[in-house]
Amino acid sequence: MRRTLFESFTRRPFTEKLAAPADPEIARMAAELDVKARRRLGRGLSLRLVDAGSCNACELELNALSNPYYDLERFGLRFVASPRHADVLLVTGPVTKNMREALLRTYDAMPAPKWVVAVGDCAACGGLYAGSYACERGAAAVLPVDLRIAGCPPSPTQLLEGLLALVAS
Amino acid sequence: MTARDPSLPDPFDRLNGRIVAEHRPWPRIEVQTDAWAKAADRLSRGALTLLGLWGESHVVHMAVADTNDPSLILVLSLTCPEGRYPSVGRVHPPAIRLERAVADLFALVPVGPPDMRPWLDHGKWGVHAPLAAQQNDAQPAEEYGFLPVDGEDIHQLPVGPVHAGIIEPGHFRISADGETVVRLEERLGYTHKGVEALLQGADLQRAARLASRCSGDSTVAYGLAFAHAVEAALGWSPPTRAVRLRALMAELERLANHLGDVGAICNDGGFAIMLAHCSVLRESVLRQAAACFGHRLMMDRVVPGGVTTDLDAAGSARIVGLTGDIRRRFQRLIDLYDKTASLQDRTVGTGVLKPALAAQFGAGGYIGRASGRLCDARRWPGYAPYDELEFEIPVLQEGDVNARLWIRVREVEQSIRLIEQILVTLPDGPIRTENAIDPANPPAEGMAIVEGFRGDILAWVRIDAAGRIERCHLRDPSWFQWPLLEAAIEGNIVADFPICNKSFNCSYSGHDL
Ligand code: SF4
């Protein structure tokens with residue numbers, strides 16, 4: 001235990017600078033993040049995820065955002081347990097009919113102003129499941145979507161870029 | 001366990017029926033109700049183990065294995081023109097939820113089961129029994145009746161479907177007496193996407209994509225199970241290099257998931273440093289997977305006929321570096337776990353699953369193996385290339401959170417061993433066979449069982465003459481694990497539910513389909 005902890009002092013941190021995004025627009029937005037996030041939201045942006053029928057791979061990559069490489073919280077973004085504390089609702093999955101009500105109730109429980117981000121191809125448009133008797137066609141079929149992050153699943157880097165873009169918008 | 005003892009009675013004795021010629025590699029027989037009931041009886045006595053039970057319009061199928069030699073597998077099919085069949089769940093509880101799902105999707109009703117409540121159908125689809133022979137209008141949704149709990153001072157905690165963390169949706173009804181859980185009742189089906197209906201009529205390419213997304217954490221294993229079933233049906237044999245690359249990806253997937261789970265279980269025990277370090281290791285696996293195969297989770301890399309992405313010399317070198325690194329760093333973390341008494345205080349003796357229950361349900365994966373079940377689909381029934389590779393199958397008897405964690409640790413070591421063997425023996429050659437589908441072919445059926453990180457995945461397909469999916473069923477290992485969580489949590493304190501749940505780590509999406 002002591003050795004592992006001690007090593008943390010001597011070793012370079014795992015956390016990486018977010019590589020200059022391929023899109024210069026996103027780089028500019030990221031630079032503005034600090035100013036805007038503070039002005040609009042105080043100290044940061046709180047995220048609440050609802051899995052509305054994903055295959056669970058989108059969750060794996062969202063979880064990866066909290067690992068030491070990406071360390072989401074350094075950007076002022078953090079996942080919260082209660083929708084009452086959340087500014088942003090992240091939706092994954094095509095929105096199954098069985099999850100529709102729970103998703104809406106979570107959204108209703110969030111205080112305004114609030115944003116909705118559709119994470120992954122399923123939430124963005126229904127993905128492979130579009131047209132199923134058991135699914136809606138993605139998050140936009142039931143909620144006002146502010147941002148779509150494409151990918152199946154989107155990588156943690158794509159997720160970070162997307163979320164930073166939201167703050168800057 | 002490898003060869004059956006001839007002194008034991010043959011559990012397939014007098015299970016007679018008409019053999020379906022186009023079904024491979026194991027036999028499928030069309031039976032009458034007496035043979036069906038006989039099989040149910042042998043399941044209940046433990047001579048047979050249930051592998052799956054699924055529907056089709058007017059037909060129910062049930063796959064069973066000899067408990068003493070799980071390489072001996074038989075599929076029984078019962079035609080039920082009246083839409084009714086003798087319940088297996090009546091005598092063998094592991095079949096109950098499968099039968100409820102078949103009733104929801106196909107309107108095939110088991111006669112005499114202990115539980116007739118809908119399971120996947122929450123009354124929201126706008127249609128009843130969407131896969132039944134005739135379309136049925138939706139029935140008005142009734143309030144779901146949870147099991148009653150009597151007793152003084154019992155209180156109930158409803159949890160979900162939306163949970164606090166980044167996890168999948170499901171509902172848990174916990175009845176507690178003070179701190180102690182007296183009953184957990186699960187309600188699932190929230191992520192039901194209608195995958196089996198979407199598969200019907202799909203071409204092989206689309207079907208493979210759908211199959212690979214049944215449970216995203218097991219995407220390689222599902223891709224493999226589907227590919228094996230299709231290849232069995234059509235008589236395709238993928239090139240040797242592809243077979244090896246598939247195993248390489250499957251072991252990388254197992255490695256990534258087990259590393260993530262070990263960290264997450266310790267985190268639920270309040271020991272966050274393990275999560276941080278294990279998630280670094282997990283991330284390093286995913287990054288190498290992306291560098292070598294072009295996708296962090298290796299989705300859509302395994303397809304019928306072979307694999308889509310080859311591994312070059314630089315890729316091999318990357319993976320050698322990765323396994324060396326994990327071997328070194330993981331050992332340190334395991335020592336840390338082993339020496340932290342306060343953490344083990346949370347895991348030892350918590351959430352005990354009795355071996356008898358694990359055996360009755362035929363629970364696979366770390367759940368079965370932590371409760372005394374020597375099982376692993378890589379060996380029983382077994383498939384290439386594992387017959388040519390050396391690996392051990394860890395088994396423990398305790399059945400607690402600690403045992404499920406240690407099984408994962410040992411499997412990380414075995415996966416590294418397998419990866420290293422695969423890399424040194426990787427033959428040159430093509431990675432995919434392009435087989436034309438002969439339109440003159442009659443429908444062909446294939447079945448496969450593949451070991452995902454969570455346990456055995458069953459895939460069953462029937463392919464029509466045009467090479468499209470006529471019917472495909474995919475059975476996640478979680479079907480036989482979720483019910484056991486209800487048993488394992490009993491008598492534990494409410495606060496230990498998350499750590500027990502994490503140690504099971506069942507799939508919601510794979511179960512709900
Ligand atoms: S977008 Fe892809 S990874 Fe995400 S839930 Fe849908 S199928 Fe799964």
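Between which chains does the ligand lie? I opened the predicted model with that in mind, and I found the ligand between chains A and B.

**Entry: the ligand shell**

I listed the residues around the ligand next. From chain A, I noted A:Ser54, A:Cys55, A:Ala57 and A:Cys58, then A:Gly120, A:Asp121 and A:Cys122, and finally A:Gly151, A:Cys152 and A:Pro153. Chain B appears in the list with B:Arg213.

I then looked up which elements give two or more residues to this shell, and they are helix 3 (57–64) and helix 5 (120–125), both of chain A. Helix 5 of chain A has the largest share, three residues.

Sorting the shell by class, I got six nonpolar, three polar and two charged residues.

**Entry: the second largest pocket**

My next stop was the second largest pocket, with a volume of about 1200 Å³. I see 45 residues lining this pocket, and the closest to its centre are B:Asp121, B:His122, B:Glu142, B:Tyr144 and B:Arg187.

Which element gives the most to the lining of the second largest pocket? I found helix 4 of chain A, with five residues. I wrote down its range as 97–109. From chain B, at least two lining residues each come from helix 2 (96–106), strand 8 (109–111), strand 9 (127–128) and strand 12 (171–177).

I closed the page with the classes for this lining: 20 residues are nonpolar, 11 are polar and 14 are charged.

Technical notes: Residues numbered from 1 in each chain as written. Chains lettered and ligands numbered in written order. Predicted model: local features only at pLDDT ≥ 70, side-chain atom pairs only at ≥ 80, totals over all residues. Heavy atoms only, no water. 1 Å grid on protein atoms, 1.4 Å probe; cavity = no way out; pocket = protein on both sides within 12 Å on 5 of 7 lines; lining within 4 Å. Points joined across faces, edges and corners; volume = space filled by probe spheres on them. Helix = DSSP H or I, 4+ residues; strand = E, 2+ residues; numbered from the N terminus. Nonpolar A, V, L, I, M, F, W, Y, C, P; charged D, E, K, R; others polar. Near = heavy atom within 4 Å.
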